[in-house]
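Reader: I should like to understand how the labels used for side chains are justified. Please set each value against its cut-off.

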Amino acid sequence: MKNKFLVLLILITGFSARNIQAQQHEVIAKNAADKLQKTIVVDTTSHWKLSGITGVNFSQAALVNWVAGGENSIATNFYLNGSLDYAKGPWAWDNDLILEYGIIYSDEYNWRKNADKISFTSKLGYQINKKWYYSLLFDFNTQFDKGYNYPNTTDRISNFMAPAYSNIALGINYKPNDNFSFFFSPTSARFTFVLDD
């Protein structure tokens with residue numbers, strides 16, 4: 001009986017010592033975290049947020065005795081999607097830029113473009129409440145390079161700023177978080193520019 005009591009006493013003492021040691025480690029970790037948090041200086045003067053993604057893609061298709069048809073091709077394209085957003089007080093200003101250009105080579109048509117896009121959107125908002133803004137939206141869209149009605153490659157059907165499109169809209173923006181925005185506009189104006197007839 002004494003042996004069982006002694007084993008039980010040793011187990012209880014071991015668990016208590018381990019529990020006290022774990023609590024001491026938690027206190028030490030909490031104190032270290034508090035000291036670290038006090039030494040980190042947060043930049044509250046910058047109200048700008050820059051984000052984006054860019055890349056270059058390359059692909060090749062080689063067909064030999066392929067019954068379904070098709071042709072050999074090589075393609076590459078470049079893209080950039082960037083955002084620059086500003087927020088201070090009741091004001092929010094969101095800017096998005098999308099650039100994309102791609103070319104493809106095939107036996108039948110040689111080199112031609114398969115992607116060509118310049119798109120810029122800017123939205124300025126004044127906060128009504130936590131999720132709603134009075135907003136003014138401006139966007140601009142055009143392409144980098146000449147376009148043709150293939151297989152005809154002598155007469156251009158498009159070019160840089162020919163055409164280009166722009167919209168200006170006044171409305172209300174619903175923005176519950178930084179990842180979602182819904183813009184509603186009862187009035188807008190659309191402009192078309194053609195600098196190369």
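Reader: Why is Asp196 called partly exposed?

Author: In this predicted model, Asp196 has a relative accessibility of 30%. Buried means under 20% relative accessible area, exposed over 50%, and partly exposed in between (1.4 Å probe, protein chains only). Asp196 therefore counts as partly exposed. Arg156, with a relative accessible area of 42%, is partly exposed as well.

Reader: What makes Asp196 and Arg156 a salt bridge?

Author: A salt bridge requires a side-chain nitrogen of Lys or Arg within 4 Å of a carboxyl oxygen of Asp or Glu. The closest N and O atoms of Asp196 and Arg156 are 2.9 Å apart, so the pair satisfies the rule. The partners are 40 residues apart, with Asp196 in the segment after strand 9 (180–193) and Arg156 in strand 7 (residues 156–158). Strands (E, at least two residues) are DSSP runs, numbered from the N terminus.

Reader: How many salt bridges does this rule give?

Author: The count comes to three. Among them is the pair of Asp94 and Lys175, at 3.0 Å from N to O. This pair links distant parts of the chain, from Asp94 in strand 3 (residues 91–106) to Lys175 in strand 8 (residues 164–177), 81 residues apart. Both Asp94 and Lys175 are buried. Asp116 and Lys113 also form a salt bridge, with their closest N and O atoms 2.5 Å apart.

Reader: Why is the pair of Trp48 and Tyr86 called tilted?

Author: Rings of Phe, Tyr and Trp (its six-membered ring) pair if their centres lie within 6.5 Å; planes under 30 degrees apart count as stacked, over 60 as edge-to-face and the rest as tilted. The centres of Trp48 and Tyr86 are 4.9 Å apart and the planes stand at 50°, so the pair is tilted. Trp48 lies in strand 1 (residues 48–61) and Tyr86 in strand 2 (residues 73–88). Ring pairs join Trp48, Tyr86 and Trp93 into a cluster.

Reader: How do you know that Arg112 lies over the face of Tyr150?

Author: A charge sits over a ring if NZ of Lys or CZ of Arg is within 6 Å of the ring centre and within 35 degrees of the ring normal. Arg112 is at 5.4 Å from the ring centre of Tyr150 and lies over its face.

Reader: On what basis were the values obtained?

Author: Residues are numbered from 1 along each chain as its sequence is written, and side-chain values use heavy atoms, without hydrogens and water. In this predicted model, local features need pLDDT of at least 70 and side-chain atom pairs count only at pLDDT 80 or more, while totals for chains, interfaces and linings use all residues.

Methods
Helices (H or I, at least four residues) and strands (E, at least two) are DSSP runs, numbered from the N terminus.
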